Amino acid sequence: MRFEGHNALIFQKSAYSRERLVKMLISREFEPEKIHKTSMVSDIEQIVANKDINILFIDHELSNSYEIINLIKTKTGTRSDIFVVLISPDPSKELLFKTAQAGAAFFICKPYLDKKIDACLKVYFNYFDSPYGQLIKRSKDRIKEEYFAEAKKDLNLALTFVEKPVEAYFYLARLEFKLKNYPEAIVNLNHCLRYDKKNYLCLKELVNVYIAMGKGKKAFQTGKYLIFNFPTDQEQISEIIRLCISAYDLNEMTELYEAVMAIKGEKGKALNYIGAGLYVAGKEHLSEDHIEEALECFDLIAKSCSQFSKFIRAMIVTLVESGLTDEAKKYLTYFEPDATDQKEICEFVISAKSADQDKGPLIETGKKLLKAHGGSDLKKALDELTAGE
């Protein structure tokens with residue numbers, strides 16, 4: 001493999017690591033003057049201003065590594081299709097997901113070893129300089145420009161060039177998806193997954209195809225597999241929860257809760273969705289008189305979603321309406337300190353259900369709360385309390 005004319009950019013903190021990688025690339029026939037290295041974000045714009053960066057090596061450990069990847073792609077525009085190599089000491093599930101999310105095509109675990117560099121450059125060569133790689137690049141451009149017949153011809157030819165044409169099948173699937181040939185898209189994605197059953201991009205595309213076909217249950221099953229293997233994508237988990245609710249796979253909610261709790265970092269949006277899903281599941285269980293299962297769902301909301309007072313209020317009201325006043329009372333303690341008004345409303349709803357004598361003061365309290373906050377649940381409780389007065 002020869003890499004004459006290929007521009008490489010190494011973005012790493014460690015000067016030793018940068019120099020070691022430079023030597024390894026030179027020994028593999030990269031031209032020294034075309035290997036650019038830095039640890040400074042401020043240098044990057046100048047480096048990429050007039051150069052088509054073909055391959056980028058970047059530390060996964062850098063907190064802004066994904067922003068850097070996006071910056072380089074933005075600055076180079078359509079002049080360069082960059083092969084991103086993510087460098088990390090830990091080949092974890094999170095890294096696999098982050099690699100795909102960042103658009104990286106490969107990752108290398110530290111320390112650098114000849115066999116790892118060779119494997120990476122083989123993939124790079126196949127993707128960029130081989131006939132297969134050229135066909136993939138051209139077909140991607142043609143799909144973007146909506147020259148679908150020409151793109152399909154290129155991709156079908158690409159299938160004959162390599163043993164595992166994952167990219168060719170993936171872009172055939174994307175092409176068929178754009179043409180709304182959904183069954184054909186699924187066939188091609190299944191070919192991808194036959195070679196790599198945990199391919200993040202293929203799984204995500206398969207979820208989108210099933211959604212477009214209106215096959216909520218299949219989308220949910222595929223998405224559940226995806227999020228349990230890549231438990232860091234808050235947006236994806238949120239989408240699967242929505243599918244779960246629409247497909248009425250409510251018994252899966254407690255499993256999805258575990259996936260949400262496995263998210264590292266910010267998970268507020270996913271918690272909001274799982275809270276909604278658990279509430280719907282709990283309410284459904286109550287309607288079927290499955291009290292234990294309902295309380296299991298509600299307990300999980302109280303444990304992890306109590307910052308959303310709307311869920312605590314809804315749970316309490318639902319339990320009161322189901323005649324489970326004692327069970328409702330225990331959730332009053334889960335209101336956050338800044339949700340005192342919501343707590344007062346729920347205390348009134350509980351009291352209104354069990355009031356028998358001297359209802360006057362309670363009715364006055366209910367009227368004040370209704371005037372201040374409104375709410376159909378509050379009005380209903382007040383109407384029932386005043387009935388016959």
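Is Lys37 buried, partly exposed or exposed? Keep that question in mind while loading the model, which is a predicted one, and select Lys37 as the opening stop of the tour.

**Stop 1: Lys37 and strand 2**

Lys37 sits in strand 2, which covers residues 35-38, and with a relative accessibility of 38% Lys37 counts as partly exposed, because that value falls between the 20% and 50% cut-offs. If you now add Arg18 to the selection, you will find it 19 residues away along the chain, with a separation of 6.9 Å between the C-alpha atoms of Lys37 and Arg18. Setting aside neighbours within four places in sequence, the contacts of Lys37 are Leu9, Ile10, Arg18, Glu19 and Val22.

**Stop 2: Ser17 in helix 1**

Move next to Ser17, which belongs to helix 1, residues 15-26. Ser17 has a relative accessible area of 14% and is therefore buried, and, once residues up to four places away in sequence are left out, Ser17 touches Gln12 and Tyr112.

**Stop 3: the whole chain**

Zoom out and colour by secondary structure, and the chain shows 20 helices and five strands. Of its 389 residues, 48% are buried, while the accessible surface comes to about 19,400 Å², with 49% of it belonging to carbon and sulfur atoms. Among contacts between residues at least 6 apart in sequence, 59% join residues that are at least 24 apart.

**Stop 4: the nonpolar cores**

Select Ile274, Ile301, Ile316, Tyr331 and Phe348, which are the residues that touch the most other members of the largest nonpolar core, a set of 85 residues. Helix 8, residues 166-178, supplies the largest share of this core, with eight residues. Tyr331 is worth expanding by its contacts: apart from neighbours within four places in sequence, Tyr331 meets Leu295, Phe298, Asp299, Ala302, Ile312, Met315, Ile316 and Leu319. Another core lies apart from the largest one and holds 20 residues, among them Phe3, Ile10, Ile55 and Val85.

**Stop 5: aromatic rings**

How many aromatic pairs does the structure hold? There are eight, and two of them can be inspected in turn by showing the side chains. The rings of Phe170 and Tyr171 have centres 5.1 Å apart and planes at 85°, so this pair is edge-to-face, and both Phe170 and Tyr171 are buried. The rings of Phe308 and Phe311, with centres 5.8 Å apart and planes at 65°, likewise form an edge-to-face pair, and both Phe308 and Phe311 are buried. Then select Phe3, Phe30 and Tyr124 together, since these form one aromatic cluster. A last ring to visit is that of Tyr195, where Arg194 lies over the face at 4.8 Å from the ring centre.

**Stop 6: Thr318 in helix 16**

Thr318 is placed in helix 16, residues 309-321, and at 6% relative accessibility Thr318 counts as buried. Leaving out neighbours within four places in sequence, Thr318 is in contact with Tyr279, Lys283 and Leu286. A distance label drawn between the C-alpha atoms of Thr318 and Tyr279 should read 9.7 Å, for two residues that are 39 apart in sequence.

**Stop 7: two loops with a positive phi**

Most residues other than glycine have a negative phi, and the next two selections depart from that pattern. Glu146, in the loop between helix 6 (131-144) and helix 7 (148-158), has a positive phi of about 65° although it is not a glycine. Asp289, in the loop between helix 14 (268-287) and helix 15 (291-304), also has a positive phi of about 65° without being a glycine. Are these residues buried or exposed? Glu146 counts as exposed at 58% relative accessibility, and Asp289 counts as exposed at 58% as well, because the cut-off for exposed is over 50%.

**Stop 8: the cysteines**

Finish by selecting Cys120 and Cys305. Cys120 is buried, with a relative accessible area of 1%, and Cys305 is buried too, with a relative accessible area of 0%. How many disulfides does a search of the whole structure find? The search finds zero.

Technical notes: Residues numbered from 1 in each chain as written. Predicted model: local features only at pLDDT ≥ 70, side-chain atom pairs only at ≥ 80, totals over all residues. Heavy atoms only, no water. Disulfide = S-S within 2.5 Å. Buried < 20%, exposed > 50% of the residue type's maximum accessible area, 1.4 Å probe, protein only. Helix = DSSP H or I, 4+ residues; strand = E, 2+ residues; numbered from the N terminus. Contact = heavy atoms within 4.5 Å. Areas by Shrake-Rupley, 256 points an atom, 1.4 Å probe, with all protein chains shown as cover. Phe/Tyr/Trp six-rings, centres within 6.5 Å; stacked < 30°, edge-to-face > 60°. Lys NZ or Arg CZ within 6 Å of the ring centre and 35° of its normal. Core = buried A, V, L, I, M, F, W, Y, C linked by side-chain atoms within 4.5 Å.
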